[in-house]
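Dear colleague,

I am handing over the structure below, and I would ask you to keep it open while you read the notes that follow it.

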Amino acid sequence: MSGTIPTEIRGQKYISLGTFRKSGAKIATPVWFGEDGDKLYVMTRSGMGKTKRIRNNPKVMLAPCTMRGELTRPEVPALARILPPEEHARARETLNRKYWMARLPLVWWRTDTYIELSFP
């Protein structure tokens with residue numbers, strides 16, 4: 001994937017990450033995200049539904065949103081990739097730069113999965 005981050009997403013505080021069930025139903029979740037070059041990074045836990053759905057289908061929909069998940073702009077398609085452990089540090093750094101609470105280990109100690117989002 002060699003696309004760039006859409007301008008309507010760049011610099012936002014939250015994005016809605018829409019993942020798809022096997023039935024095709026979309027489930028949207030507001031998430032924090034880090035930016036690095038033309039990629040976005042999201043942290044989560046391996047047992048969460050969004051992680052399981054991405055393992056089955058890497059196609060996702062993204063849109064800027066409020067903290068409660070209300071979309072503020074139209075959705076755009078993207079591809080998600082669950083990062084191997086050796087790539088976690090770089091992804092974590094993008095989130096630490098953007099959100100001071102992401103730096104608190106007691107708050108995020110169970111985070112064990114990072115997702116890279118790229119654009120077509």
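Leaving aside neighbours within four places in sequence, Ser16 is in contact with Ala28, Thr29, Pro30, Met61, Leu62, Ala63, Cys65 and Leu71, where contact means heavy atoms within 4.5 Å. Ser16 has its place in strand β1; here and below, helices (H or I, at least four residues) and strands (E, at least two) are DSSP runs, numbered from the N terminus. With a relative accessible area of 2%, Ser16 is buried, a word that stands for under 20% relative accessible area, while exposed stands for over 50% and partly exposed for what lies in between (1.4 Å probe, protein chains only).

Before going further, please note that this is a predicted model, in which local features need pLDDT of at least 70 and side-chain atom pairs count only at pLDDT 80 or more, whereas totals for chains, interfaces and linings use all residues. Residues are numbered from 1 along each chain as its sequence is written, and side-chain values use heavy atoms, with hydrogens and water left out.

**Salt bridges**

Side chains of opposite charge can pair when their charged atoms come close. Searching the whole structure gives 8 salt bridges, each defined as a side-chain nitrogen of Lys or Arg within 4 Å of a carboxyl oxygen of Asp or Glu. One of them is formed by the side chains of Arg10 and Glu35, at 3.6 Å from N to O. This pair links distant parts of the chain, since Arg10 belongs to the segment before β1 (15-20) and Glu35 to strand β3 (residues 34-36), with their positions 25 residues apart. Arg10 is partly exposed, its relative accessible area being 39%.

Another salt bridge joins Asp38 and Lys39, whose closest N and O atoms are 3.9 Å apart. Asp38 is partly exposed, at a relative accessible area of 25%, whereas Lys39 is buried, at 16%.

The side chains of Glu87 and Arg90 also meet in a salt bridge, with 3.5 Å from N to O. Glu87 counts as partly exposed at 22% relative accessibility, and Arg90 is partly exposed too, with a relative accessible area of 40%. Through salt bridges that share partners, Arg81, Glu87, Arg90 and Glu116 are joined into one network.

**A buried arginine without a salt bridge**

Arg53 has its place in helix α1 (residues 49-56). Arg53 is buried yet has no salt bridge, and the nearest side chain of opposite charge, that of Glu75, is 12 Å away; for this purpose Lys and Arg count as positive and Asp and Glu as negative, while His and the chain ends are not counted. What joins the side chains of Arg53 and Thr19? They share a polar contact of 2.7 Å, the term being used for a pair of N or O atoms within 3.5 Å, of which, within protein, one must be able to donate a hydrogen and the other to accept it, and for which residues adjacent in sequence count only if both atoms are side-chain atoms. Not counting residues up to four places away in sequence, Arg53 touches Thr19, Phe20, Arg21 and Ile27.

**Tyr114 and Ala91**

Tyr114 is found in strand β7 (residues 113-118) and counts as buried at 6% relative accessibility. Leaving aside neighbours within four places in sequence, its contacts include Val42, Met43, Arg81, Ala91 and Leu95. The side chain of Tyr114 also makes a polar contact with the side chain of Arg92, at 3.0 Å. Tyr114 and Arg81, though 33 residues apart in sequence, are 8.5 Å apart in space from C-alpha to C-alpha.

Ala91 is found in helix α2 (residues 88-98) and counts as buried, with 0% relative accessibility. Not counting residues up to four places away in sequence, Ala91 touches Tyr41, Leu83 and Tyr114.

**Rings and an exposed lysine**

The structure holds 0 aromatic pairs, where rings of Phe, Tyr and Trp (its six-membered ring) pair if their centres lie within 6.5 Å, with planes under 30 degrees apart counted as stacked, over 60 as edge-to-face and the rest as tilted. Lys98 does lie over the face of Phe33, at 3.5 Å from the ring centre, given that a charge sits over a ring if NZ of Lys or CZ of Arg is within 6 Å of the ring centre and within 35 degrees of the ring normal.

Finally, Lys22 is placed in the loop between β1 and β2 (26-31) and is exposed, with a relative accessible area of 76%.

With kind regards
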